[in-house]
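Visitor: I would like a close look at a single part of this model, and then a walk outward from that part to the rest of the chain. Please take it slowly.

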Amino acid sequence: MLEQQNTAALPNLTTIAAIATPRGTGGVAIIRISGPQSWEIASRLSAKPMQWEPGRVLHGWLRDPVDGKLMDEVLFLPFKGPKSFTGEDCMEIHCHGGAVLSQTILKLCLAQGAMPAAAGEFTRRALLNGRIDLSQAESILDLIHAQGEALIKLSANNLHHRAVGNYLQQLLLEISRIQADLTASIDFPDEVDEPDRDVLAAQLRELATQLSERLSINRRNQVLREGIEVALIGRPNAGKSSVFNALLSSERSIVTDIPGTTRDVIRETLQVKGIPLTLTDTAGLRETADQVEMLGVERSWQAVASSQAIIYVLDGTTGLEERDRNVLETVKDSQGVIVLNKSDALGFNAQLAENPTGWPVISVSAQTGSGMGQLMDWLESLADTVPDVSGLDYLLSHRQMAHLEKVQGNLEEAEKTLISPVIPLDLATVPLTDALLELQGLLGKDTTELVLDSVFARFCVGK
Ligand SMILES: Nc1nc2c(ncn2[C@@H]2O[C@H](COP(=O)(O)OP(=O)(O)OP(=O)(O)O)[C@@H](O)[C@H]2O)c(=O)[nH]1
Ligand SMILES: [Mg+2]
């Protein structure tokens, strides 16, 4: 049977250090140290003797122990294991946010015996020390990369309540119980009666159905992680980049009066009602002999193909032309809006001669901002198409879903074996063992280094 080995029980003897804040300059940088020597390293770098107390911030100065010269005015924040992020003794040094300064302080920590931390190593230690399970580590990753509030709240909920871990654990226990019923009668046929195959099959079916429902809800809600892709397309010079910039309130794309200015797809994410909307500004659609522009137009079409909604920008001073009509005919089955731009300009006509799409038409001036509120309302209506997530308490990752799909397959296979009276009972235990292994992998128990490596490689150094 499966043994629940905790890969982590061994204490880590090395002390690791890394800069936990992003590269570059800022108000404050944090150097994080974790491991048995972390307090001692800070003591050796402090200009005066310190009385460390867990959780108590101490103001002080760092000095280079080699020449005794001061390096920076800092705050020290010590944690005592197991009550720390990693579960080990930790020290945070909050220094002024200089890129070279923080690197130099990190080097001092390394010179005092700390090892440079690998990507995600702090979180990995938190997992190995039992502070969090693997699903919570993935929630931390989601919190860091989330582009919208809805995913942030779901990830924080899982981090706090271990919702995914509890569900997996529950599933693991129920499958183990069915597995135990089967193996007992197989291993000890004289003492234990063969279980009622129909009852066990019904239990497996119930588990598989619940799992399949959970997976479909999570599949539907992946939009919270991936966002809604919205492509801004139209003819050259219609004002796509100007509308894009106005929506983002930033001069992100280059705007000129030369048709064919935008050559590449430019992506930016906007948070609307807690949902990430990724806007893509594209090259104006036209036939061209210019090699670079041609490649740009190709990319515009790729952006259309991978988007869930379209903002078609028309120059309201020229109106709809044959070329617009052709493009609109090809994209009209998607969700979209026609934006008549340049409402401030002479010759602007708010009436569209015809609308081949059935999409709403909004007159705007990207230059003055007039009508942009209505366009934002349309984006909000797009965000409203995302299913209500108020009843959801976590969002599974793609990795978790892929493993759970296998578990679902295993449960269905075991059920099929059980309902066929001619198939020997022990054949049903094979897929159940596979299901249990999948679940243990998901919980980060008895997992190969490979699984852990694939999860933690996505973290940054210092996390
Ligand atoms: N009057 C007026 N001019 C505008 C408005 N929006 C854009 N323009 C002008 O229209 C020209 C083209 O604007 P862009 O935003 O670069 O147009 P585009 O569709 O991105 O063009 P390409 O990248 O070449 O496909 C520029 O000269 C802009 O200043 C507007 O609301 N009013
Ligand atoms: Mg442009």
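Which of the 24 residues around ligand 1 come nearest?

Guide: In this predicted model, the residues that come nearest to ligand 1 are Gly239, Ser241, Asp257, Thr262 and Gly284, out of the 24 that surround the ligand. Sorted by class, the shell around ligand 1 holds 13 polar residues, seven nonpolar ones and four charged ones. Helix α9, which covers residues 240–248, supplies the largest share of that shell, namely three residues. The loop between β7 (228–234) and α9 contains Asn237, a residue other than glycine whose phi is nonetheless positive, near 75°.

From there the view can widen to the chain as a whole, whose secondary structure comes to 15 helices and twelve strands. The C-alpha trace spans about 90 × 80 × 40 Å along its principal axes, and the radius of gyration of the chain is 29 Å, whereas a compact globule of 463 residues would have one near 23 Å. Another backbone detail lies in the loop between β4 (70–79) and β5 (90–97), where Pro82 is found; the peptide bond that leads from Gly81 to Pro82 is cis, with omega near 5°.

The helix packing deserves a description of its own. Two packed helices are described by the angle between their axes and by the distance between those axes. For helix α4 (residues 134–145) and helix α5 (residues 149–161), the axes come within 8 Å and cross at roughly 155°. Because angles over 145 degrees count as roughly antiparallel, α4 is roughly antiparallel to α5, and the crossing of these two helices is left-handed. On the α4 side the contact is made by Ser135, Gln136, Ser139, Ile140, Asp142 and Leu143, which meet Leu151, Ile152, Ser155, Ala156, Asn158 and Leu159 of α5. By class, the contact of α4 with α5 comprises six nonpolar residues, five polar and one charged.

Further along, helix α6 (residues 163–187) packs with helix α7 (residues 197–220) at an angle of about 160°, the axes lying 11 Å apart, and that angle makes α6 roughly antiparallel to α7. The crossing of α6 and α7 is left-handed. Leu171, Glu174, Ile178 and Asp181 represent α6 in this contact, while Leu200, Gln203, Leu204 and Leu207 represent α7; taken together, the residues of the contact of α6 with α7 divide into five nonpolar, two charged and one polar.

Helix α7 also packs with helix α13 (residues 398–419), the two axes coming within 9 Å and crossing at roughly 155°, which makes α7 roughly antiparallel to α13. Here too α7 takes part in a left-handed crossing, passing α13 in that sense. The residues of α7 that meet α13 include Leu200, Leu204 and Leu207, and these three leucines also belong to the contact of α7 with α6. Among the other α7 residues in the contact with α13 are Arg197, Ala201, Arg205, Ala208, Leu211 and Leu215, and among their counterparts in α13 are Met401, Leu404, Glu405, Val407, Leu411, Glu412 and Leu418. The contact of α7 with α13 divides into 14 nonpolar residues, six charged and three polar.

Definitions and conventions
Residues are numbered from 1 along each chain as its sequence is written. Chains are lettered from A and ligands numbered from 1 in the order in which they are written. This is a predicted model: local features need pLDDT of at least 70, side-chain atom pairs count only at pLDDT 80 or more; totals for chains, interfaces and linings use all residues. A residue is near a molecule or strand if its C-beta atom, placed from the backbone, lies within 6 Å of it. Helices (H or I, at least four residues) and strands (E, at least two) are DSSP runs, numbered from the N terminus. Ala, Val, Leu, Ile, Met, Phe, Trp, Tyr, Cys and Pro count as nonpolar, Asp, Glu, Lys and Arg as charged, and the others, Gly among them, as polar. Axes are lines fitted to C-alpha atoms, for helices over the stretch in contact, and angles run from 0 to 180 degrees between N-to-C directions. Angles under 35 degrees count as roughly parallel, over 145 as roughly antiparallel, 65 to 115 as roughly perpendicular and the rest as oblique. A crossing is left-handed if the near helix is turned anticlockwise from the far one by less than a right angle, and right-handed if clockwise. Two residues are in contact if their C-beta atoms, placed from the backbone, lie within 7 Å. The radius of gyration is taken over C-alpha atoms; the globule rule is 2.2 Å times the number of residues to the power 0.38.
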